[in-house]
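Here is a set of exercises to work through with the model open beside you. Try each task before you read its solution.

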Amino acid sequence: MMERPDLKQALGRLLGPAGPEVGCDECFDQLDRYVELELAGQDADAAIPGLRAHLAGCPACREEHESLRALVGGEQAL
Amino acid sequence: MRALNAATVGLVEPVSPLPTLPPAAPSLDADSREWLRCLHADDATREEAIARLHALLMRAARFEVARRRPTLPHLRGDELEDIATEAADDALMSVLRRLDDFRGASRFTTWAYKFALLEAAVKLRKRSWQGREVPLEPEGWGLFSSAGLEPDAEAEQSELLETLQSAIAQVLTPHQRRVLVALALNGVPIDVLAERLNTNRGALYKTLHDARRKLRTHLQGRGLALDNWLEEKR
């Protein structure tokens, strides 16, 4: 099948993640723990099921995850 | 339901209940323990700790502003600094209000940072859409050109898009349709839509989630193999 990246991305946004996911509330509550597990090289997805799927489906929570990871990761690198 | 900040983002119910395990008997690290001791003190120690906490939150808010600055060329430096300060102020109130929620699942500073990042991000999203109309009707179907596709692929894409548009029009409730179209098709930030519809991020995401599930079920019921169109491989 020919690659249709624009259509694929648009469909991804319309249909969202396939698996179960947490909501924005649970995502916010768990985000600090999730980021520290990630930065420690541990299996954050196994520890907090459904958060990765939520990040895939919610651009706002995804941006905040990226920011927290960058901020904390940057401090740890100093 | 706990309210994070009524002025910005209401916290939400989980979209679907998942067996999220609590951290196994977290023990506070020394730095986090010291933060809590000082913030719970009843003398000048507390005021000094609050000042340090505000400085920490200010650093996080400025970090978020700096990350987003390239997408906000119309905002002056002093406006951005004002937004960072407001975000740090609001985050400080949230952190102090929810101090007893901190259980040591992460370091205290990581826990506190997320409040400032959230406040700054929400304020910047709203600011970037200030004065703009929020599109609630589909605008983007024409973007998916079939130019260059083989005839079979073109027919397949047309069938998918027609089925999808039909499903959005017929399967979803009017509210689900508005939310899905605005967020997923027209790219309206969820916090901006929440403000315009006088609701919160969590409630909107729940609506979006339910709409997505309905669409998936409908499309699969029509025999469309979504795996071929998405990056989902089982």
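## Getting an overview

In chain B, 48% of the 234 residues are buried, where buried means under 20% relative accessible area, exposed over 50% and partly exposed in between (1.4 Å probe, protein chains only). This is a predicted model, in which local features need pLDDT of at least 70 and side-chain atom pairs count only at pLDDT 80 or more, while totals for chains, interfaces and linings use all residues. Residues are numbered from 1 along each chain as its sequence is written, chains are lettered from A and ligands numbered from 1 in the order in which they are written, and side-chain values use heavy atoms, with hydrogens and water left out.

## Exercise 1: Two chains

Describe the secondary structure, burial and surface of each chain.

**Solution.**

Step 1. Count the elements, taking helices (H or I, at least four residues) and strands (E, at least two) as DSSP runs numbered from the N terminus. Chain A has five helices and zero strands, and chain B has eight helices and zero strands. Read from the N terminus, chain A therefore gives α-α-α-α-α.

Step 2. Turn to burial and surface. Of the 78 residues in chain A, 56% are buried. Its accessible surface is about 3100 Å², with 52% belonging to carbon and sulfur atoms; areas come from the Shrake-Rupley method with a 1.4 Å probe, and for residues only the protein chains shown count as cover. For chain B the accessible surface is about 11900 Å², and carbon and sulfur atoms hold 51% of that.

Step 3. Look at contacts (heavy atoms within 4.5 Å). Taking pairs at least 6 apart in sequence, 59% of those in chain A join residues at least 24 apart; in chain B the figure is 70%.

Step 4. Add the extent of chain A: its C-alpha trace spans about 45 × 25 × 20 Å along the principal axes.

## Exercise 2: Helix 2 of chain B

Find which residues of helix 2 of chain B are buried, and what covers them.

**Solution.**

Step 1. Check the length. Helix 2 (residues 44–68) has 25 residues and runs 36 Å from its first C-alpha to its last, close to the 36 Å expected at 1.5 Å a residue. The expected span is 1.5 Å times one less than the number of residues.

Step 2. List the buried positions. They are Ala49(B), Ile50(B), Leu53(B), Leu56(B), Leu57(B), Met58(B), Ala60(B), Ala61(B), Glu64(B), Val65(B) and Arg68(B).

Step 3. Recall the geometry: an α-helix has 3.6 residues a turn, so residues three or four places apart point the same way.

Step 4. Identify the cover. It includes helix 5 (59–77) of chain A, as well as helix 1 (30–39), helix 3 (77–97) and helix 4 (108–128) of chain B.

## Exercise 3: Leu39(B) and Leu96(B)

For each of these two leucines, decide whether it is buried, partly exposed or exposed.

**Solution.**

Step 1. Leu39(B) sits in helix 1 of chain B and is buried, because its relative accessible area is 2%. Beyond four places in sequence, Leu39(B) contacts Arg46(B), Ala49(B), Ile50(B), Leu53(B), Leu96(B), Leu99(B) and Phe108(B).

Step 2. Leu96(B) belongs to helix 3 of chain B and is partly exposed, because its relative accessibility is 24%. Leaving out residues up to four places away, Leu96(B) touches Leu39(B), Ile50(B) and Leu53(B).

## Exercise 4: Helix 6 against helix 8

How do helix 6 and helix 8 of chain B pack, and which residues make the contact?

**Solution.**

Step 1. Helix 6 (residues 174–185) and helix 8 (residues 201–221) of chain B meet at an angle of about 100 degrees, their axes 9 Å apart. The helices are therefore roughly perpendicular, a class covering 65 to 115 degrees, with under 35 roughly parallel, over 145 roughly antiparallel and the rest oblique.

Step 2. Helix 6 contributes His175(B), Gln176(B), Val179(B), Leu180(B), Leu183(B) and Ala184(B), while the residues from helix 8 include Leu204(B), Thr207(B), Leu208(B) and Ala211(B).

Step 3. The contact residues comprise eight nonpolar, three polar and three charged.

Step 4. Zoom in on Thr207(B), which counts as buried because its relative accessibility is 13%. Apart from neighbours within four places, Thr207(B) contacts His175(B), Gln176(B) and Val179(B).

Technical notes. Axes fitted to C-alpha atoms, helices over the stretch in contact; angles between N-to-C directions. Nonpolar A, V, L, I, M, F, W, Y, C, P; charged D, E, K, R; others polar.
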